[in-house]
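This briefing goes through a predicted model. The topics are a helix packing, an open sheet, an enclosed strand and two zinc sites.

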Amino acid sequence: MDLETLRHSCSHVMAQAVKKLWPSAKLAIGPSIADGFYYDFDKAEPFTPEDLEKIEKEMGQIIEDDLPFVREELSKKEAIKLFKKLKEDYKVELIEDLADEKVTIYKTGDKFIDLCRGPHVKSTGEIKAFKLLSVAGAYWHGIETNPMLQRIYGTCFGTKAELDNYLKLQEEAIKRDHRKLGSQLELFDFYYELAGAGLVLYHPKGAMLRTIIEDYEKREHLKRGYEIVITPHILKVDLWKKSGHYDYYKDNMYFFEIDDKTYAVKPMNCPGHMLIYKSKLRSYRDLPIRYFELGTVYRHEKSGVLHGLLRVRGFTQDDAHIFCTAEQAKDEIKAVVDFVFAVMKDFGFTDVGIELSTRPKKFIGSESDWDKATQALEDSLKEKNLSYKINPGDGAFYGPKIDIKLKDALNREWQCATIQCDFALPKKFDLTYTDSDGKEKRPIMLHRVILGSIERFIGALIEHYAGAFPLWLAPTQIMIIPIKDSAIDYAKDIEQRLKSQDLRVELDSRNETLNKKIREAEMQKIPYLVIIGEKEVGSSTIAVRKRGVGDLGAKEPQEFINELKQEILAKK
Ligand SMILES: [Zn+2]
Ligand SMILES: [Zn+2]
């Protein structure tokens, strides 16, 4: 069965139930969405959780009655008259905005009529498994000056087992919410009132996690022939005009004045890298040139779309620009794809989806360059035998792109890597190189990120691992817990010994019970606890507990260090 039709039909049933319970509630719209459906209502009193239960019960009755969805066609005039009589002002407005002269309505039972194009299931009895999930405010047409409506979200599946599975995953997703775990594990926070929305402050543990990721990325880039560059956070507006960002992206940029000159906070790193490319004459022997920057950018996102680390206004990209000849482009793209897969594997993501996005309506450059660039991207994927989906018209304004999305432990997709092929910016900046025949030629520019926004990637990591990071990523790897004061000196020795081996250690010497200390360290999801009592002091050993496994018994400190080093190396 078509899930969309089923879910949309379920939204009608919900509206019918609401009208039965609250006849004066007015109906707005009720579409199916990715995970279910919603319906917007105009009702003075807010819906309570108890109301949702009542609505569900009423819906159960409508489904049991197995009412047919009956389609009728009316003229626009008749339809307006009908919905005016029903006092459904929003429906009247919708009909008035319709271009067609014919309007279709659907009746279920004798009392419920809805304006709708269809399609629906044949009768309400086909709905087998549904659940109402939540209520949220929503403006009519999404416009803030319009009345605020109440939106009830629900979901519906073909079978009860599928619904139960979905609800279980939802529950797990709530437990793993990176915003909640971010505070609990003291990784980061937002200070909306004082610091501003969409701006993240990393606390020491989050900053440690981020430093580990950044160090890893620098090493991996250097290994693969990239050079690290660093460019300013602010650059003159003239540069953004030259690059085209001003024309195509200014609504998302922040501008300000210094000494009567206008500057912009950088939303992207590309122009700076092109200036560095242009700093000297380039020969075909120099290419490809690969510049890598952990570039912090700022973009004006509407406050309504900001969401934890996933949508922020300031974030850092692991950004690189590859300047190469047309002949080199395909191999470079293939190498980037390999790079992405290797990095994802290291971070524990093995399932990815690939999409190819083509020319959007708003674009710079010539159509033939777009075709060539799209071809280069597509050929690379084909030669690597990778399956991909095409997103027509979804490319960036300066070039087509490959998007790589990773799938997390709950099978949800997260946007991470993109590879874009660009002929236009090298032209705008008049980038050249001298070819083997002595002629001046234009390089191709590849824009690419691997993790994408590091903020969003950290959000994905937190939710993928439910905060229990593998040893190589854990901000604190080991918590040492002395049982009594008499063990503190030995515990400090062990702490120093582990630290000198570059292990990230904390010592909990508070005057608390052993159980409390263990419980708190477990709440912090620290991979290893080292417990030290008189027995360990006497035998120069340590008692080790591993997260998710339990007691590993007594170990020689060196043996423990060796095991940890192996585990870190394996990134398990
Ligand atoms: Zn409908
Ligand atoms: Zn770029």
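In this predicted model, the axes of helix H16 and helix H19 (residues 557-570) come within 11 Å of each other and cross at roughly 35°, and the crossing of H16 and H19 is right-handed. On the H16 side the contact is made by Tyr490, Ile494, Arg497 and Leu498, while H19 contributes Pro557, Gln558, Phe560 and Ile561. Two packed helices are described by the angle between their axes and the distance between the axes.

**The open sheet and helix H16**

- Five strands form an open sheet with mixed pairing, and their order across the sheet is E25-E24-E26-E27-E28.
- The edge positions are taken by strand E25 (505-507) and strand E28 (550-555), each of which pairs on one side only.
- When direction is ignored, neighbouring strands of this sheet are turned against each other by 25° on average.
- Helix H16 (residues 488-499) packs on this sheet, where it touches strand E24 (478-482), E25, strand E26 (528-532) and E27, and the direction of H16 makes about 165° with that of E24.
- Strand E27 (residues 542-546) pairs with E28 in the antiparallel sense over 5 bridges, and Lys546 stands opposite Gly550 in E28.

**Strand E16 and its partners**

- Because 11 of the 11 residues of strand E16 (residues 314-324) are buried, this strand is largely enclosed by the rest of the structure.
- In a regular strand the side chains alternate between the two faces of the sheet.
- In E16, Gly314, Thr316, Asp318, Ala320, Ile322 and Cys324 point one way, whereas Phe315, Gln317, Asp319, His321 and Phe323 point the other way, and all of them are buried.
- Strand E15 (residues 289-298) runs antiparallel to E16 and is joined to it by 10 bridges; Leu294 has Asp318 in E16 as its bridge partner.
- E16 also pairs with strand E23 (residues 444-453), again in the antiparallel sense, over 7 bridges, and Asp319 stands opposite Val449 in E23.

**The zinc ion (ligand 2)**

- The zinc ion (ligand 2) is coordinated by Cys270 through SG, His321 through NE2 and His447 through ND1, at 2.0 to 2.3 Å.
- Along the chain, the donors of the zinc ion (ligand 2) follow the spacing C-x50-H-x125-H.
- Cys270 lies in helix H11 (residues 270-277) and His321 in strand E16, so this pair ties together parts that are 51 residues apart in sequence.
- Cys270 and His321 are both buried.

**The zinc ion (ligand 1)**

- Which residues are the protein donors of the zinc ion (ligand 1)? They are His8, His12 and His120, through their NE2 atoms, and Cys116, through SG, and they lie 1.9 to 2.1 Å from the ion.
- The site of the zinc ion (ligand 1) is tetrahedral, with angles of 91 to 125° among its 4 donor atoms.
- For four tetrahedral donors at a metal, the ideal angles are 109.5 degrees.
- The donor residues of the zinc ion (ligand 1) are spaced H-x3-H-x103-C-x3-H in sequence.
- Distant parts of the chain are linked by the pair His12 and His120, which are 108 residues apart: His12 is in helix H1 (residues 3-21), and His120 is in the loop between strand E6 (112-115) and strand E7 (129-139).
- Both members of this pair, His12 and His120, are buried.

Definitions and conventions
Residues are numbered from 1 along each chain as its sequence is written. Chains are lettered from A and ligands numbered from 1 in the order in which they are written. This is a predicted model: local features need pLDDT of at least 70, side-chain atom pairs count only at pLDDT 80 or more; totals for chains, interfaces and linings use all residues. Side-chain values use heavy atoms; hydrogens and water are left out. Two strands pair if DSSP finds at least two bridges between them. Helices (H or I, at least four residues) and strands (E, at least two) are DSSP runs, numbered from the N terminus. Axes are lines fitted to C-alpha atoms, for helices over the stretch in contact, and angles run from 0 to 180 degrees between N-to-C directions. Contact means heavy atoms within 4.5 Å. Donors are N, O and S atoms within 2.8 Å of the metal (3.2 Å for Na, K and Ca); water is not among the atoms, so sites may look incomplete. Four donors count as tetrahedral if all angles lie between 85 and 135 degrees; four count as square planar and six as octahedral if opposite donors are over 155 degrees apart and all others between 65 and 115; anything else is irregular. Buried means under 20% relative accessible area, exposed over 50%, partly exposed in between (1.4 Å probe, protein chains only). A crossing is left-handed if the near helix is turned anticlockwise from the far one by less than a right angle, and right-handed if clockwise.
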